[in-house]
Amino acid sequence: MIVIKTQEQIVKMRKAGNLAAQLLNYIEPFVQEGVSTQHLNDLCEEFTQKNGAISAPLNYHGFPKSICTSINDVVCHGIPAEEDILKDGDIVNVDVTVILDGYHGDTSRTFMIGDVDEKIKNLVQRAENAMYRGIAAVEPGKYLYEVGKAIEKYIGKFDYSIVQTYGGHGIGKKFHEDPHVLHHFSKDNKIRLREGMIFTVEPMINMGKSYDVVTSSVDGWTVTTVDGSVSAQFEHTILVTSEGTEILTQGVVIIA
Ligand code: MF3
Ligand code: CO
Ligand code: CO
């Protein structure tokens, strides 16, 4: 069942989305060579608490940390750790989700550490473009599969693959709710978009030819590409409006 949000719920989702965006902005300057992903986790946890919110990932189905940090061939759900030190040339997706006044805001970006290989830089930029192409396809009255169609059309130009195992999701009082948003074209997403729906668009793009992923049997969470290729991801939480969309996790750009 897809929840159509009321005006009151939309106001709360805007606040949660904005806080998640501010959290990513806050952490960005710390995402540097020599820093452990545990340190990033701790800073995020502290910022979230100071803003009267809760880190949604912590204890979510047993997830042990406050954010997800996915380095290089880690596709998603990477667990922050003291021993995972960012190094020159790495890429790392930092995925944050806050709960503010009972509502979730979910967003992620892939950051580049120091001197990143040109091919990997391109992958990261195109993963971001893919997310925006998907978001731009959203309009009330259209089908949800337009999102995957637009992403596939764009990503098809490159020798990449789109992860199919994980998708975007409805979000609100619950972290993950209907609909499941596919980032490739599928009739399974023949769902009519309506004003007041809120969901995430979060394509995971693998540099290699395989969209297949594998979950670590050691920690039960870390998802990596099967072929060891690098993977990049960006995520926004969006609201379907009469006009098209409103990105709830865009954040306010403050010009100093
Ligand atoms: N933030 C992720 C998403 O975009 C979900 C992380 S679930 C966790 O849906 F348990 F790994 F934190
Ligand atoms: Co997320
Ligand atoms: Co999400």
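I began my notes at P179, which has its place in strand β8, residues 177-181. For strands I used DSSP runs of E with at least two residues, and for helices runs of H or I with at least four, both numbered from the N terminus. The peptide bond leading from D178 into P179 turned out to be cis, with omega near 0 degrees.

A word on the source: this is a predicted model, where local features need pLDDT of at least 70, side-chain atom pairs count only at pLDDT 80 or more, and totals for chains, interfaces and linings use all residues. Residues are numbered from 1 along each chain as its sequence is written, chains are lettered from A and ligands numbered from 1 in the order in which they are written, and side-chain values use heavy atoms, with hydrogens and water left out.

Next I looked up H61. Its phi is near 50 degrees, a positive value in a residue other than glycine. I found H61 in the loop between β1 (54-55) and β2 (68-71).

Then I turned to the whole protein, which has four helices and 15 strands. I noted that its C-alpha atoms fill a box of roughly 45 × 45 × 40 Å along the principal axes.

On to ligand 1. Which residues are closest to ligand 1? They are D95, H169, H176, E202 and E235, out of 14 that surround the ligand (a residue counts if one of its heavy atoms lies within 4 Å). By class, I listed six nonpolar, four polar and four charged residues in this shell (Ala, Val, Leu, Ile, Met, Phe, Trp, Tyr, Cys and Pro are nonpolar; Asp, Glu, Lys and Arg are charged; the others, Gly among them, are polar).

I also checked polar contacts, meaning pairs of N or O atoms within 3.5 Å. An oxygen atom of ligand 1 lies 2.8 Å from a polar side-chain atom of E202. For E235, the distance from a polar side-chain atom to a ligand 1 oxygen is 2.9 Å. The side chain of T97 has an N or O atom 3.4 Å from a nitrogen atom of ligand 1. The protein covers 96% of the 340 Å² of accessible area that ligand 1 has on its own (Shrake-Rupley method, 1.4 Å probe).

Definitions and conventions
Polar contact = N/O pair within 3.5 Å; in protein donor to acceptor, adjacent residues only side chain to side chain.
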